[in-house]
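Colleague: I've got this model open and I'd like to learn how to read it. Could you walk me through a few features?

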Amino acid sequence: MFDSMARVVYRHDGQVLLVMRLIDGHPATVGNGMTIGFASASPEITDAWHEAGIAHGGEAIENLPGVRQSGLGRLYLAYLRDPDDNKLCALHRMQD
């Protein structure tokens with residue numbers, strides 16, 4: 001089902017997959033308009049994921065892993081680019 005912004009949202013077992021048109025209007029390429037996100041059980045697991053990604057050829061991008069305030073509350077985030085240049089994110093929702 002499309003929402004008002006022409007996005008398709010799939011929800012299953014507490015997880016979400018969102019597919020949408022590119023915001024900037026440019027063609028889709030690796031890393032343009034795409035982030036693959038993973039839910040994480042804790043900041044420690046998020047840090048371990050980030051460290052393992054770097055150890056296996058990934059590149060740290062964005063800011064260092066840490067807490068960020070968003071419209072969804074406090075999130076612990078870590079971002080990487082994998083060796084194929086895909087943008088990856090691990091996310092843990094912080095308890096307030």
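Colleague: Let's start with charged pairs: which side chain does D85 meet in a salt bridge?

Modeller: Remember this is a predicted model. For a salt bridge, you look for a side-chain nitrogen of Lys or Arg within 4 Å of a carboxyl oxygen of Asp or Glu. Here D85 pairs with R81, at 3.8 Å from N to O. D85 itself is partly exposed, because its relative accessible area of 38% falls between the 20% and 50% cut-offs.

Colleague: How many salt bridges does the structure hold?

Modeller: Two. In the other entry, E62 forms a salt bridge with K87, and their closest N and O atoms are 2.9 Å apart. E62 sits in the loop between strand 4 (59-60) and strand 5 (66-70) while K87 is in strand 7, so this pair ties together parts that are 25 residues apart in sequence.

Colleague: Are those two partners buried or exposed?

Modeller: One of each. E62 is exposed, at 51% relative accessible area, whereas K87 is buried, at 17%.

Colleague: That loop also has a proline. What does P65 touch?

Modeller: For contacts, skip residues up to four places away in sequence; P65 then touches D47, H50, Y76, L77 and A78. P65 lies in the loop between strand 4 and strand 5, and with a relative accessible area of 22% P65 is partly exposed. As for H26, 39 residues from P65 along the chain, the two C-alpha atoms are separated by 29 Å.

Colleague: Now pockets. How much space lies in the largest pocket?

Modeller: About 1100 Å³. The lining has 30 residues, and V16, L18, T35, I36 and G37 are the closest to the centre. By class, that lining splits into 18 nonpolar, seven polar and five charged residues.

Colleague: Which strand gives the most to that lining?

Modeller: Strand 2, with five residues. At least two lining residues each come from strand 1 (8-12), strand 2 (15-19), strand 3 (36-39), strand 6 (73-81) and strand 7 (87-93).

Colleague: And which elements have the lowest and highest mean pLDDT?

Modeller: Think of pLDDT as the predictor's confidence in each residue, from 0 to 100. Strand 2 has the lowest mean among the elements, 75, and helix 1 (residues 43-55) the highest, 97. Over the protein chain the average is 86, with 91% of the residues scoring at least 70. When you look at the pocket, keep both points about strand 2 together: strand 2 gives the most to the lining, and strand 2 has the lowest mean pLDDT among the elements.

Technical notes. Residues numbered from 1 in each chain as written. Predicted model: local features only at pLDDT ≥ 70, side-chain atom pairs only at ≥ 80, totals over all residues. Heavy atoms only, no water. 1 Å grid on protein atoms, 1.4 Å probe; cavity = no way out; pocket = protein on both sides within 12 Å on 5 of 7 lines; lining within 4 Å. Points joined across faces, edges and corners; volume = space filled by probe spheres on them. Helix = DSSP H or I, 4+ residues; strand = E, 2+ residues; numbered from the N terminus. Nonpolar A, V, L, I, M, F, W, Y, C, P; charged D, E, K, R; others polar. Buried < 20%, exposed > 50% of the residue type's maximum accessible area, 1.4 Å probe, protein only. Contact = heavy atoms within 4.5 Å.
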